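Trainee: Got a minute? I'd like to go through this one with you.
Mentor: Sure, let's put it up.

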Amino acid sequence: MAIMITDECINCGACEPECPNTAIYEGGVEWTWGGGTELTEVDFGDGTVVSGKAPQAPVSNEFYYIVSDKCTECVGFHEEPQCAAVCPVDCCVPDPEVVEDEETLLSKKAWLHAEA
């Protein structure tokens, strides 16, 4: 499952540079699919194609947040999610709304980073 940041976040920013997929953003900051990945565009399969550079609306305006579609729980990079490992208040926790198995997370990693 993806990781989420709870509202106990103290906005310290320790998690953001640890994410290998650049899936963590400061509250109120727009995000992009391409940031930190190899994606130049995203095809949603319903005729919608979005540029990897197109700004997306922030998930949270108050706290750091994780874009679940870019989160791989650090699978394929590290033994554990690095955001959770460095969080001083333990607010980086599994998101019960986004449950994914290891195979799915590895596929997402390959998609994000254009791995063959």
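Mentor: Start with the lining of the largest cavity: its residues divide into 10 nonpolar, three polar and two charged. Keep in mind that this is a predicted model.

Trainee: OK. How many residues line that largest cavity, and which lie nearest its centre?
Mentor: There are 15 lining residues. Nearest the centre are Cys19, Ile24, Cys71, Cys74 and Cys83.

Trainee: And how much space lies in it?
Mentor: About 90 Å³.

Trainee: How many cavities of 30 Å³ or more does the structure hold?
Mentor: Two. The second largest has a volume of about 60 Å³.

Trainee: What lines the second largest one?
Mentor: It has 14 lining residues, and Cys9, Cys12, Cys15, Cys87 and Cys91 lie nearest its centre. By class, that lining has 12 nonpolar, two polar and no charged residues.

Trainee: Switching to the largest nonpolar core. Which residues touch the most other members?
Mentor: Ile5, Cys15, Ile24, Ile66, Cys83 and Cys92, out of 16 residues in that core.
Trainee: Where's the other core, apart from that one or part of it?
Mentor: Apart from it. That other core has nine residues, including Tyr25, Trp31, Trp33 and Val42.

Trainee: Why would such residues group like that?
Mentor: In soluble globular proteins, nonpolar side chains tend to be buried together.

Trainee: Back to isoleucine 66. What is it in contact with, leaving aside neighbours within four places in sequence?
Mentor: Ile3, Met4, Ile5, Ala23, Ile24, Cys71 and Cys83.

Trainee: New topic: serine 60. Where is its place?
Mentor: In the loop between β4 (49-51) and β5 (65-66).
Trainee: Is serine 60 buried or exposed?
Mentor: Buried, because its relative accessible area is 17% and the cut-off for buried is under 20%.
Trainee: What does the side chain of serine 60 reach?
Mentor: The backbone nitrogen of glutamate 62, at 3.1 Å. The serine 60 side chain also reaches the backbone nitrogen of phenylalanine 63, at 3.1 Å. Leaving aside neighbours within four places in sequence, serine 60 is in contact with Gly27, Gly28 and Tyr65.

Trainee: Last one, alanine 110. Where is that?
Mentor: In helix α2, residues 102-112.
Trainee: Why does alanine 110 count as partly exposed?
Mentor: Its relative accessibility is 21%, and partly exposed runs between the cut-offs of 20% and 50%.
Trainee: How far apart are alanine 110 and alanine 2?
Mentor: They are 108 residues apart in sequence and 16 Å apart in space, C-alpha to C-alpha.

Key
Residues numbered from 1 in each chain as written. Predicted model: local features only at pLDDT ≥ 70, side-chain atom pairs only at ≥ 80, totals over all residues. Heavy atoms only, no water. Core = buried A, V, L, I, M, F, W, Y, C linked by side-chain atoms within 4.5 Å. Buried < 20%, exposed > 50% of the residue type's maximum accessible area, 1.4 Å probe, protein only. Contact = heavy atoms within 4.5 Å. Helix = DSSP H or I, 4+ residues; strand = E, 2+ residues; numbered from the N terminus. Polar contact = N/O pair within 3.5 Å; in protein donor to acceptor, adjacent residues only side chain to side chain. 1 Å grid on protein atoms, 1.4 Å probe; cavity = no way out; pocket = protein on both sides within 12 Å on 5 of 7 lines; lining within 4 Å. Points joined across faces, edges and corners; volume = space filled by probe spheres on them. Nonpolar A, V, L, I, M, F, W, Y, C, P; charged D, E, K, R; others polar.
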